[in-house]
Amino acid sequence: MTMYSDSSSSIVRLNIGGKKFCTTVDTLTHREPHSMLAAMFSGRHTVCKDSEKGYVFVDRDGKHFRHILNWLRDGVVPDMTDLACSELLREAEYYQLLGLVDGITEVLNKKREAEEMDTELTRTDIIKCVQSDKVRLRGVNLSGLDLSKLDLSYVDFSYACLKNVFFSRANLHCAKFRDVDAECTIFHNATLRECEFTGANLRGALLAGANLQSANLQDACLIDCSFCGADLRSAHLQTADLTNANLEGANLEGANLKGAKLTNANLKGANLQRAYLRHVNLRDTHLEGAKLDGANLLGAIR
């Protein structure tokens with residue numbers, strides 16, 4: 001290793017968690033002079049770089065670092081999904097880019113305000129509704145509502161817009177979510193036993209710790225979802241898209257994953273005993289420590 005120090009016009013080569021970037025000292029120090037990056041390349045400190053290729057290594061996920069560089073160059077907050085905005089916010093906070101933190105927060109607040117204006121019912125309205133025997137909220141826009149800890153068992157939410165709804169610790173036993181748009185919705189520790197999610201869009205949803213025993217998630221979009229520690233015993237996941245989903249430590253005993261897409265899915269330490277994985281492509285799936293005793297792996301690609 002050699003020590004790095006250079007003038008403001010010099011090229012800086014960065015390796016952010018394995019992703020390579022090139023920029024200048026001026027870009028890293030001008031717009032956010034009190035940030036961690038500005039401090040690193042201010043000339044006040046020596047920074048180690050790889051003696052062979054000249055890259056400065058930073059141990060962070062490089063997925064959104066191009067947006068950070070573009071912010072430092074142009075001062076423009078990128079147009080992103082709520083999930084991506086949240087991820088970028090974490091990176092901005094780490095690098096102490098206070099201007100970018102404020103910009104992202106403002107964007108998220110404006111989106112939430114717009115969603116709340118479009119919401120057709122309030123939490124109080126929902127509480128009144130669930131006192132009835134049969135509650136149908138089919139096709140209703142409930143975006144952004146806090147419905148945590150409510151007893152919403154057997155409620156029919158089919159075709160509803162549930163983006164960013166907060167269902168944490170709610171009882172949703174046997175609720176229907178057929179073809180809902182529930183992108184980035186929070187189901188953390190919710191009871192979802194025997195729920196129907198057929199064809200639902202749950203991209204980026206948080207279902208960590210949720211009870212999904214015997215839930216029907218056939219044909220659902222589960223890209224980027226978190227199921228860490230979730231109970232998915234005997235769940236129906238046929239042809240579901242679980243690309244980039246995090247199922248670390250989840251219990252999928254007896255689950256049916258016929259035709260499911262598991263590209264880059266994290267199944268480390270998951271219980272897949274007696275799961276149906278016949279002809280499923282597991283080549284790009286992370287299965288370290290997973291239990292596969294009795295699983296049907298006939299024709300599975302590994």
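**Close-up views of a predicted model**

**View 1. Glu253 and its partner.** In this predicted model, Glu253 has a relative accessibility of 21% and so counts as partly exposed. Which residue does the side chain of Glu253 meet in a salt bridge? The partner is Arg274, with 1.9 Å from N to O. This pair links distant parts of the chain: Glu253 and Arg274 both lie in the segment after α6, 21 residues apart. Elsewhere, salt bridges that share partners bring Arg178, Asp179 and Glu196 together in one network.

**View 2. Two more of the ten salt bridges in the structure.** Side chains of opposite charge can pair when their charged atoms come close. Glu106 and Lys110 form one such bridge, and their closest N and O atoms are 3.2 Å apart. Both residues belong to helix α5 (residues 98–118), where a spacing of four residues separates them by about one helical turn. Glu106 is partly exposed, at 45% relative accessibility, while Lys110 is exposed, at 52%. Now look at Asp231 and Arg233, whose side chains meet in a salt bridge at 2.7 Å from N to O. Is Asp231 buried or exposed? With a relative accessibility of 14%, Asp231 counts as buried, whereas Arg233 is partly exposed at 32%.

**View 3. A cluster of phenylalanine rings.** The model contains ten aromatic pairs. In one of them, Phe187 and Phe197 meet edge-to-face, with 5.9 Å between the ring centres and 90° between the planes. Both residues lie in the segment after α6 (123–129), so their pairing ties together parts that are ten residues apart in sequence. Phe187 and Phe197 are both buried. They also belong to one aromatic cluster, together with Phe157, Phe167 and Phe177.

**View 4. Charges over rings.** Here you can find Lys20 over the face of Tyr55, 4.5 Å from the ring centre. In a second example, the ring of Tyr94 has the charged end of Arg60 above it, 4.0 Å from the centre.

**View 5. An open sheet of three strands and a helix packed on it.** Strands of a sheet pair through backbone hydrogen bonds, either parallel or antiparallel. In this sheet the order is β3-β2-β5, and the pairing is mixed. Strands β3 (19–24) and β5 (56–58) are the edges, each pairing on one side only. On average, neighbouring strands are turned by 30° against each other, direction ignored. Strand β2 (residues 11–16) runs parallel to β5, and three bridges join the two. Leu14 stands opposite Val56 in β5. Helix α3 (residues 65–74) packs on the sheet and touches β2 and β3, with its direction at about 10° to that of β3.

Methods: Residues numbered from 1 in each chain as written. Predicted model: local features only at pLDDT ≥ 70, side-chain atom pairs only at ≥ 80, totals over all residues. Heavy atoms only, no water. Phe/Tyr/Trp six-rings, centres within 6.5 Å; stacked < 30°, edge-to-face > 60°. Buried < 20%, exposed > 50% of the residue type's maximum accessible area, 1.4 Å probe, protein only. Lys NZ or Arg CZ within 6 Å of the ring centre and 35° of its normal. Pairing = 2+ DSSP bridges. Axes fitted to C-alpha atoms, helices over the stretch in contact; angles between N-to-C directions. Contact = heavy atoms within 4.5 Å. Salt bridge = Lys/Arg side-chain N within 4 Å of Asp/Glu carboxyl O.
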